[in-house]
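Dear colleague,

I am handing over the structure below, and after it I set down what was found. Please read the notes with the structure open beside them.

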There are 2 protein chains.
Amino acid sequence: MIHSGKKHRRKDNKPIDTRQALFDAVLELMSRDKSFDAISLREVTREVGINPSAFYRHFPDMNSLGLELVNLSFKTLRQHLKDVRANPVQDANVVRESVETFVSYVLAHPRQFQFIIRAQVGGAASIRAEIESEHRLLVSELSTDLARRFDAASWSTEELQMLADLMIGAMTRIVEQLLIENRHSASQAALTELAEKQLQLILLGAMHWHDQP
Amino acid sequence: MIHSGKKHRRKDNKPIDTRQALFDAVLELMSRDKSFDAISLREVTREVGINPSAFYRHFPDMNSLGLELVNLSFKTLRQHLKDVRANPVQDANVVRESVETFVSYVLAHPRQFQFIIRAQVGGAASIRAEIESEHRLLVSELSTDLARRFDAASWSTEELQMLADLMIGAMTRIVEQLLIENRHSASQAALTELAEKQLQLILLGAMHWHDQP
DNA sequence: GTGTTAAGTGAACATATGTACACTATAATG
DNA sequence: CATTATAGTGTACATATGTTCACTTAACAC
């Protein structure tokens with residue numbers, strides 16, 4: 001008999017909690033100086049407090065866990081960016097505002113970003129590919145945003161993507177330093193200011209990009 | 001008795017070769033979809049073809065091997081950059097020339113760069129710290145270069161470092177895509193052009209950085 | 001030559017890993 | 001209430017790991 005309806009769920013949603021706990025365990029382990037593919041299945045179940053065999057009730061292997069975690073992380077990130085876009089900054093200093101809210105968001109979800117950043121270059125090809133495609137999505141979204149702010153006629157899609165890629169790249173590196181290097185608030189302020197200046201410089205370049213044909 | 005002179009070496013320099021072979025083995029293994037801290041000591045010795053115990057004749061543990069590999073990789077990279085600086089580009093199109101020679105260099109030493117990029121976020125804190133300090137060195141060197149090309153009076157050291165960091169960051173991301181994503185020459189050309197445009201845009205921004213006080 | 005020292009071997013160990021299988025408990029469904 | 005599918009347990013096994021120790025080998029210094 002094939003179940004076409006909903007899956008069975010406990011009253012207290014225990015299975016879902018365990019699933020989430022497995023995600024959390026991976027994030028927790030990675031926040032303790034480990035790359036994703038150096039984390040063993042048994043370590044994860046140990047962290048959660050379940051039997052190693054129980055892992056297979058939720059994922060066929062660690063790689064699948066990783067892939068789902070990528071999607072999950074990007075989904076929340078994309079939702080946040082959507083919210084930010086929904087009420088755009090009125091202030092004259094758009095860059096300052098944007099960078100600051102983004103930095104706060106990163107610092108509020110450090111483990112998710114740490115996971116993404118490490119898995120992006122660290123692990124298996126399938127996971128890297130997934131992150132790469134999510135990254136491209138972000139670039140596209142930003143470039144359509146930028147299209148609205150710049151002279152749409154003179155900027156080609158490729159140029160806009162080049163610009164968006166540069167901006168996201170700069171922010172990615174800021175995030176890396178924010179999370180991996182050191183976490184005292186002194187350097188956080190410095191990094192925020194660094195990000196602001198770098199983005200401002202990029203925008204300045206963009207404003208003069210089509211000065212001489 | 002303490003040896004103050006040279007160490008004993010075989011006629012055919014075998015010990016040195018083995019040491020190098022251990023480095024090579026790590027690079028080779030990392031080029032096959034693995035982060036540094038997911039590589040076992042036994043894997044490395046297996047790749048070289050020696051007994052696991054023999055590893056300890058050369059390094060106390062994998063971490064030390066990693067640290068030395070970082071230094072080695074950056075030493076050759078820094079030497080290359082020094083050579084490039086020695087005969088500066090005469091051409092009007094400095095950016096194009098610089099990017100193209102750098103991309104060729106990266107493609108000629110893919111495994112070293114792959115190692116650096118992966119170890120930078122992947123592994124143990126000590127290795128990350130070592131890469132971070134080497135990175136800062138590169139930024140400093142570039143910023144003194146830039147000081148010569150820009151109006152030295154109006155640019156502060158911090159601003160120069162901000163600019164250098166942005167440029168190196170952009171190139172780092174290009175290297176990542178060059179090595180990790182895909183390696184067909186079609187995308188290589190596209191990435192080279194992307195790098196050129198991004199650097200040009202950054203320089204454009206830098207030229208107008210002090211327009212309005 | 002003889003002795004010394006560095007490099008490499010082979011076997012052994014305690015421990016960790018992924019996965020399989022039979023099992024128990026429990027929540028939802030009929 | 002009886003059935004059933006899901007989540008989790010316990011055990012087991014083959015395999016992999018880091019590290020140790022006693023050993024062989026071979027190059028160089030004398």
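**What was found**

To begin with a single residue, Lys82(B) has its place in helix α3 of chain B, the helix that spans residues 62-86. Please bear in mind throughout that this is a predicted model. Is Lys82(B) buried or exposed? With 10 other C-beta atoms within 10 Å, Lys82(B) is exposed, because a residue counts as exposed when 12 or fewer such atoms lie within that distance. Asn93(B) is 11 residues from Lys82(B) along the chain, and the C-alpha atoms of the two are separated by 20 Å.

Turning to chain A as a whole, its secondary structure comes to 8 helices and 0 strands, and, read along the sequence, the pattern is α-α-α-α-α-α-α-α. The C-alpha atoms of chain A fill a box of roughly 65 × 45 × 35 Å when this is taken along the principal axes. Of the 213 residues in chain A, buried residues make up 32%. Among the contacts in chain A with a separation of 6 or more, 65% are accounted for by residues 24 or more positions apart.

One helix pair in chain A deserves a closer description. Helix α4 (residues 94-108) and helix α8 (residues 185-207) of chain A have axes that come within 9 Å and cross at roughly 140°, and α4(A) and α8(A) are therefore oblique to each other. Their crossing is right-handed. On the side of α4(A), the residues that take part are Val95(A), Arg96(A), Val99(A), Glu100(A) and Val103(A), and they meet Thr192(A), Ala195(A), Glu196(A), Leu199(A), Gln200(A) and Leu203(A) in α8(A). Sorted by class, this contact of α4(A) with α8(A) has 6 nonpolar, 2 polar and 3 charged residues.

The corresponding helices of chain B can be described in turn. Helix α4 (residues 94-108) of chain B packs with α8(B) at an angle of about 140°, their axes being 9 Å apart, and that makes α4(B) oblique to α8(B). The crossing in which α4(B) passes α8(B) is right-handed. Here α4(B) contributes Val95(B), Arg96(B), Val99(B), Glu100(B) and Val103(B), while α8(B) contributes Thr192(B), Ala195(B), Glu196(B), Leu199(B), Gln200(B) and Leu203(B). The residues of this contact of α4(B) with α8(B) divide into 6 nonpolar, 2 polar and 3 charged.

How, then, are the two chains related? A turn of 180° and a shift of 0.0 Å along the axis lay chain B on chain A with an RMSD of 0.0 Å, and that is the relation of a two-fold axis. In chain B, the C-alpha nearest the axis belongs to Gly205(B), at 1.7 Å from it.

Last comes the contact between the chains, which takes 32 residues from chain B and 32 residues from chain A. On the side of chain B that touches chain A, at least two residues each are supplied by α5 (110-122), α6 (125-149), α7 (157-181) and α8 (185-207) of chain B. The residues of that side divide into 15 nonpolar, 7 polar and 10 charged. Of the interface residues of chain B, 100% are also interface residues in chain A, so the copies meet through the same surface.

With kind regards

Conventions:
Residues are numbered from 1 along each chain as its sequence is written. Chains are lettered from A and ligands numbered from 1 in the order in which they are written. This is a predicted model: local features need pLDDT of at least 70, side-chain atom pairs count only at pLDDT 80 or more; totals for chains, interfaces and linings use all residues. Two residues are in contact if their C-beta atoms, placed from the backbone, lie within 7 Å. Helices (H or I, at least four residues) and strands (E, at least two) are DSSP runs, numbered from the N terminus. Ala, Val, Leu, Ile, Met, Phe, Trp, Tyr, Cys and Pro count as nonpolar, Asp, Glu, Lys and Arg as charged, and the others, Gly among them, as polar. Axes are lines fitted to C-alpha atoms, for helices over the stretch in contact, and angles run from 0 to 180 degrees between N-to-C directions. Angles under 35 degrees count as roughly parallel, over 145 as roughly antiparallel, 65 to 115 as roughly perpendicular and the rest as oblique. A crossing is left-handed if the near helix is turned anticlockwise from the far one by less than a right angle, and right-handed if clockwise. Copies are superposed by least squares on the C-alpha atoms of residues with pLDDT of at least 70 in both. A residue is buried if 20 or more other C-beta atoms lie within 10 Å of its own, exposed if 12 or fewer, and partly exposed in between; C-beta atoms are placed from the backbone.
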